[in-house]
Amino acid sequence: SLFVLVWLVFANVLTLQQAFIRTLIVFVFFSGVIAISNAWLIPRFFPRHKFVGYALFSIGVSVVLAIARLTIELVLQVQPVIEGLSKKVYGAQATFFSLFTFQHIFACLLTLTYYLVERWFEAGQKEATLKAEKLEAEINLLKSQIQPHFLFNTLNNIYSLAYLGDSQTPTMILKLSDMMRYLIYECPTKEVMLEKEIAFLQNFLDLQKLKSKVYEKISFRVEGTAASYRVPPLLLLPFFENLFKHSDLDRNKDGWVKAEIVIKFNYLKLEIANTYRPIPTGSDDSGFGIPNVINRLKLLYDNSYTLDILKEDIYKVQLQIPLR
């Protein structure tokens, strides 16, 4: 189609035969310049950063092809496109030589521009791929750190009950089995069904409640429909683990814990509030999982999440993340 378009342009100022010959010559030489530039000039000089060599050889190739092209047009007596030069073909050789050289250099520059733009896009895609791979590796590392920590605490609790011969031990082992199944078969994926994540958290709380009657004061409420959404696995678990570190249920008869998940307008809002015991100054009060989960939130959501942890009369965590 481009060949026909150029031929029609030439046909306005030349005979049909002359227009066809000139169009054919233009395409042959332009294709030659592009082929030489792509196959030899660019691969030979640009990867080695020999830009001066590329420029010199490009000019040299353009000059040689211009001489060949001018010779062919003179032999075939192709009429010039520029009106008024038809009777000065042989006298205007220098003009045509310069014109042809410029055209061929321009073709080299077009080829070089295409090459640079293509490399730029490839570099951008490579960088994006590397960032994605790094992100996934960091998230997997954080997930791998969460699971052993959770299992270590839970097994310690079950061991204590088993040592004391508590009748709740079999129930706790069954709960742990369900949770292990979730950890092994669901959590290795990037995202899990939100309803399964919530069920896991409910099992976690139930497991804690079996450990001591004081934890029966914990209330957990879910508002909204979770069935259609997916979330990163174990993202909320550290907040639930942390409430057992900060709550004073084991020593405060009026102590309480309220946990709430609200699903609304494609957002999940988690709020956990509890009475808490003061942590001695200088001790680590962040909990193992909180720094981990903050890193995951930054990696997963960038600036599209909000997290507030408040310690006044009560300990309160408020988290909001977008849902997909």
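**Close-up 1. Arg221 and Glu223 share a salt bridge.** In this predicted model, the side chains of Arg221 and Glu223 meet, with N and O 3.1 Å apart. Side chains of opposite charge can pair when their charged atoms come close. Searching the whole structure turns up nine such salt bridges, and another one appears in Close-up 3.

**Close-up 2. Five strands line up in an open sheet.** Read across the sheet, the order is S2-S4-S5-S7-S6, and the pairing is mixed. Which strands sit at the edges? They are S2 (218-223) and S6 (306-311), each of which pairs on one side only. On average, neighbouring strands of this sheet are turned by 5° against each other, if direction is ignored. Two helices pack on this sheet: H6 touches S2, S4 and S5, and its direction makes about 170° with that of S2. Helix H7 (residues 237-246) touches S2, S4, S5, S6 and S7, and its direction makes about 10° with that of S5.

**Close-up 3. Helices H5 and H6 pack against each other.** Two packed helices are described by the angle between their axes and the distance between the axes. Here, H5 (residues 169-185) and H6 (residues 194-211) have axes that come within 10 Å and cross at roughly 155°. An angle over 145 degrees counts as roughly antiparallel, so that is how H5 and H6 run relative to each other. Their crossing is left-handed. On the H5 side, the contact is made by Thr171, Met172, Lys175, Leu176, Asp178, Met179, Tyr182 and Leu183. On the H6 side, look for Lys196, Glu197, Phe200, Asn203, Phe204, Asp206, Leu207 and Leu210. Sorted by class, the residues of this contact are nine nonpolar, two polar and five charged. Which residue forms a salt bridge with Lys175? It is Asp206, with the closest N and O atoms 3.1 Å apart. Because Lys175 belongs to H5 and Asp206 to H6, this pair ties together parts that are 31 residues apart in sequence.

**Close-up 4. Helices H6 and H7 also pack together.** Their axes are 10 Å apart, and the packing angle is about 15°. Angles under 35 degrees count as roughly parallel, so H6 and H7 earn that description. Is their crossing left-handed or right-handed? The crossing of H6 and H7 is right-handed. From H6, the contact is made by Phe200, Leu201, Phe204, Leu205 and Gln208, and from H7 by Leu237, Phe240, Glu241 and Phe244. By class, these residues are seven nonpolar, one polar and one charged.

**Close-up 5. Strands S4 and S5 form a hairpin.** Follow the chain through S4 (residues 257-264) and into S5 (residues 267-274): the two strands pair in the antiparallel sense over eight bridges. Glu260 has Glu271 in S5 as its bridge partner. How many residues lie between the two strands of this hairpin? There are two, and Phe265 in the turn has a positive phi of about 55°.

**Close-up 6. Strand S7 pairs with S5 and with S6.** S5 and S7 (residues 315-322) pair in the antiparallel sense over eight bridges. Here you can find Lys269 opposite Gln320 in S7. The pairing of S6 with S7 is antiparallel too, over six bridges. In that pairing, Leu310 stands opposite Lys316 of S7. As you trace any of these strands, keep one general idea in mind: in a regular strand the side chains alternate between the two faces of the sheet.

Technical notes
Residues numbered from 1 in each chain as written. Predicted model: local features only at pLDDT ≥ 70, side-chain atom pairs only at ≥ 80, totals over all residues. Heavy atoms only, no water. Axes fitted to C-alpha atoms, helices over the stretch in contact; angles between N-to-C directions. Helix = DSSP H or I, 4+ residues; strand = E, 2+ residues; numbered from the N terminus. Parallel < 35°, antiparallel > 145°, perpendicular 65-115°, else oblique. Left-handed = near helix turned anticlockwise from the far one by under 90°. Contact = heavy atoms within 4.5 Å. Nonpolar A, V, L, I, M, F, W, Y, C, P; charged D, E, K, R; others polar. Pairing = 2+ DSSP bridges. Salt bridge = Lys/Arg side-chain N within 4 Å of Asp/Glu carboxyl O.
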